[in-house]
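Let's take a walk through this structure together, one piece at a time. Keep the 3D view open and turn it as you read.

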Amino acid sequence: MSTISLHDTHNHDNHDDHGHHKETFLTKYVFSQDHKMIAKQFLITGIIMAVIAMGLSILFRLQLAWPDKDFPILETFLGKWAEGGRIKPDFYLALVTIHGTIMVFFVLTAGLSGTFSNLLIPLQIGARDMASPFLNMLSYWFFFTACVIMMGSFFIQTGPASAGWTVYPPLSALPTAISGSGLGMTLWLISMVLFVASSLMGGINYVSTILNMRTKGMDLWKMPLTIWAFFLTAILGILSFPVLVAGVVLLIFDRSFGTSFYLSDIVMGTQILPNEGGSPILWQHLFWFLGHPEVYIVIMPAMGLSSEIMSVNARKPIFGYHAMIYSLIGITILSFIVWGHHMFVTGMNPLLGGVFMITTLIIAVPSAVKTFNWLATLWRGNIRFTPAMLFAIGMVSFFISGGLTGIFLGNASLDINLHDTYFVIAHFHLVMGSAAIFGMLAGVYHYFPKMFGRMMSSKLGYLHFWITFACAYLVFFPLHFLGLDGVPRRYYAFTEFEFMQKWVTVNILVTWSAIIAALAQVAFLFNFFYSIFKGKVASQNPWQANTLEWTTPVERLHGNWPGEIPTVYRWPYDYSKPGAEADFIPQTVPFSQTMSSNMPHDFEGNSESERIQREWEEENPSVDASK
Amino acid sequence: MVHTLKEEDLKMEAAFNAKPRKFVVWLFVVSSTIMFGGFTSYYIVFAASKGKGHGLVLPDLFMYSTAVLIASSICLFLASKALKNGNIGSQKLLLWGTLVLGCVFGYLQVDAWGTLFHTGAAFVNNNAAISMIYVVSGLHLLHIFAGLCFVTSTLVGAYMGISAEKSKFRMDIASIFWHFIDILWIYLYVFLLLNS
């Protein structure tokens with residue numbers, strides 16, 4: 001009998017090794033099928049891409065602030081794209097395009113969802129790994145290839161794609177239209193197809209894992225909000241990314257085979273093109289049918305992470321757990337019927353515009369529910385201002401200040417003035433850019449001990465937070481006023497237009513703020529990479545949190561738990577429960593061990609448990625009175 | 001004793017893992033449906049705004065290929081049934097049937113493109129609705145190719161004599177996927193017939 005039990009544990013230890021007892025460097029660090037390692041791969045690739053995209057933004061900010069000044073150093077690095085130390089107009093367009101593409105897709109979709117869905121889904125629902133670890137590995141390597149191809153477009157003669165991150169045809173569909181529409185655009189499309197394939201493989205895996213592989217007792221209404229957010233994000237991806245593929249396939253045919261899906265009545269120079277009958281508006285429909293859910297793909301994981309982190313660090317249950325979930329579901333559903341608000345000025349039927357306006361404004365309701373719930377969670381909490389907590393609060397701040405301008409832009413009539421101006425730039429950089437990146441950084445600071453078994457320095461974390469927080473507002477807030485004045489986005493030199501010249505001084509402020517914010521990231525990068533090797537060794541549950549991932553040992557092992565997967569008995573937010581011994585009760589603690597703190601509603605109408613609880617309370621009247 | 005326990009354990013694990021993996025295939029079916037939904041919505045909006053569809057009489061070959069595809073689906077269904085009854089021999093035979101019929105379908109589709117091309121409805125066309133016929137049938141053909149891979153893997157499994165759970169798992173995956181692409185093609189064909 002003893003041999004059997006011995007063998008049993010042994011089998012669990014090597015649970016997912018499938019017979020391979022030794023891991024080589026290649027299977028452990030490169031082609032790893034362990035969700036925790038894949039999460040780290042996504043995170044580090046995401047950080048590298050974020051640094052690159054931030055660098056690109058500094059380059060075009062230099063141009064916007066000092067359009068008449070030469071920076072000889074730029075020519076050293078960029079060669080012919082910055083001849084005489086000035087960024088060329090063509091390259092400026094490439095910069096904004098690739099900045100947008102990398103940030104939206106590679107950092108805030110793959111870097112955020114890829115990292116935290118992979119890390120937290122198996123750990124927080126109690127699974128050994130993903131439904132298909134192999135598909136998961138493939139997902140990372142498709143993403144990596146997509147990154148390499150996207151960056152590769154900087155090393156070709158004609159430069160990277162330049163038609164904006166939305167790559168509207170006909171500009172993007174005609175290889176000779178601008179230099180960036182040549183090979184660079186082709187590489188962009190290839191890279192995006194790989195990226196979508198990666199996202200789909202990831203998303204399908206996440207949904208299947210969450211629905212099928214939860215541990216005993218983990219019903220859907222006991223899942224942490226992070227898991228709910230990742231789940232709904234993955235569903236959004238599965239339902240919307242294929243439409244982008246459809247659009248991209250047609251665009252590839254238009255570019256390379258001469259079809260007319262998006263093209264009609266085009267004159268290039270003196271030459272009339274043969275394409276007829278297509279419509280570029282149809283691209284916009286297909287693109288924004290993905291594109292709008294995409295912004296929720298970006299923000300919902302950040303919302304989930306912030307909810308979890310704020311509850312842990314406020315030492316309070318999340319306010320309105322069910323409302324938080326229903327609002328996420330509401331956002332998920334509504335996000336599919338609002339895409340038209342990106343197209344109010346394309347000649348859309350005003351009646352249809354009105355419909356899209358109403359659906360868009362209704363999204364403010366679940367968003368506001370979430371916001372008020374976060375504020376109510378903070379209200380009278382024993383707040384621990386860890387760096388993760390600060391970033392989570394920062395996320396809420398940006399979500400509010402950026403979300404308010406969404407109500408302006410969602411109006412079909414106001415949008416006539418505001419569309420394609422810096423007002424839009426300000427809006428989405430706050431509400432989805434800064435908010436999502438703060439949610440991501442909150443997640444990095446909070447889950448660093450889980451990923452690397454060590455702590456990040458909180459002093460550097462505070463420095464990083466305050467500079468980034470202040471500078472993000474200094475960068476994006478002034479842009480609202482440019483937009484209200486009608487300054488269009490993507491313009492190369494403000495000095496060329498009489499009415500825009502007065503804004504150059506504001507641009508100088510914005511650019512300096514951006515440079516300081518970029519320098520603040522050095523504090524983060526140093527902290528991150530230094531702490532991986534030299535950080536303080538973490539304890540098993542450094543934040544005293546309730547969720548399952550903190551019941552795994554600090555040494556990370558394939559299969560997550562050395563013995564059996566723990567059973568879950570309660571929801572994840574029992575913080576500061578009256579009558580409890582500690583201010584947190586992990587999900588794995590059964591109610592029979594916490595008789596002094598049980599509430600009638602804990603038993604969900606189970607009359608037997610209620611009876612036992614009543615009997616216990618009658619036997620221990622003193623404890624009951626203290627409640 | 002220990003040895004049997006290990007095997008049982010592994011079996012349990014395989015059964016445990018089969019369900020989420022099958023679910024992965026279902027989710028892929030959903031996302032693929034959405035992609036074709038994207039194409040057909042393009043078609044609907046295009047046709048509505050231009051007041052014209054592809055305006056063709058679709059080649060009869062599409063009708064034959066549809067019949068072949070339905071036959072292949074029935075074949076696969078019978079193969080699955082044979083496996084359930086433990087009749088590996090007829091399962092193999094029926095899987096071969098599915099493979100052959102799948103290849104015939106592919107051939108007929110390409111032949112239909114030829115017919116379309118010769119009647120003047122080329123892929124590069126100023127009527128995007130006609131180009132769309134090629135796009136949807138082409139991408140569907142890619143799915144057929146993937147489906148053939150699944151069927152082949154089931155067949156190889158049957159010859160190699162893999163465990164009953166595994167061969168049932170492969171059979172299930174192939175069935176989900178193959179019946180899906182069958183229904184998908186019927187949808188596309190009917191869609192193109194109705195929206196000419």
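Start with helix α10 of chain A, which covers residues 321–334, and keep in mind that you're looking at a predicted model. How far apart should the ends of this helix be? With 14 residues at 1.5 Å a residue, α10 should span 20 Å, and its end C-alpha atoms are indeed 20 Å apart, so the two agree.

Now look at which parts of α10(A) are tucked away. The buried residues are A:Tyr321, A:Met324, A:Ser327, A:Leu328, A:Ile331, A:Thr332 and A:Leu334. Here's a handy bit of background for reading a list like that: an α-helix has 3.6 residues a turn, so residues three or four places apart point the same way. And what do the buried residues of α10(A) pack against? Their partners in chain A are α8 (225–256), α9 (280–314), α11 (350–362) and α12 (364–378).

Zoom out to the whole of chain A. Its secondary structure comes to 19 helices and two strands. Measured out along its principal axes, the C-alpha trace spans about 95 × 50 × 50 Å. A compact globule of 627 residues would have a radius of gyration near 25 Å, and chain A has 26 Å, which agrees. Of those 627 residues, 52% are buried. The contacts tell you something about how the chain comes back to itself: if you take pairs at least 6 apart in sequence, 78% of the contacts join residues at least 24 apart.

For a close-up, find A:Ser609, which sits in helix α18 (residues 607–619) of chain A. Is A:Ser609 buried or partly exposed? Count the other C-beta atoms within 10 Å and you get 16; a buried residue needs 20 or more and an exposed one has 12 or fewer, so A:Ser609 is partly exposed. Setting aside neighbours within four places in sequence, A:Ser609 is in contact with A:Phe591 and A:Phe603. You can also look across to A:Ser592: it is 17 residues away along the chain, yet the two C-alpha atoms are separated by 9.1 Å.

Next, swing round to where the chains meet. The contact takes 39 residues from chain A and 32 residues from chain B. On the chain A side, the elements that give two or more residues are α1 (2–13), α7 (183–212), α8 and α9. The largest share, ten residues, comes from α8(A). Sorted by class, this side of chain A has 21 nonpolar, 17 polar and one charged residues. You've met α8 and α9 already: both also pack against the buried residues of α10(A).

That brings us to chain B. It has five helices and zero strands, and its C-alpha trace spans about 75 × 30 × 20 Å along the principal axes. Buried residues make up 37% of its 196 residues. In chain B, 80% of the contacts between residues at least 6 apart in sequence join residues at least 24 apart.

Finally, a word from a record. An unreviewed UniProt entry places the feature "transmembrane region" at residues 23–49, 61–81, 93–110, 130–161 and 173–194 of chain B. What does the model show for two of these spans? Residues 23–49 of chain B are 100% helix and 0% strand, with end C-alpha atoms 39 Å apart. Residues 130–161 of chain B are 97% helix and 0% strand, and there the end C-alpha atoms are 47 Å apart.

Methods: Residues numbered from 1 in each chain as written. Chains lettered and ligands numbered in written order. Predicted model: local features only at pLDDT ≥ 70, side-chain atom pairs only at ≥ 80, totals over all residues. Helix = DSSP H or I, 4+ residues; strand = E, 2+ residues; numbered from the N terminus. Rg over C-alpha atoms; globule rule 2.2 N^0.38 Å. Contact = placed C-beta atoms within 7 Å. Expected span 1.5 Å × (residues − 1). Nonpolar A, V, L, I, M, F, W, Y, C, P; charged D, E, K, R; others polar. UniProt positions renumbered as here; feature names shortened; annotations may be inferred.
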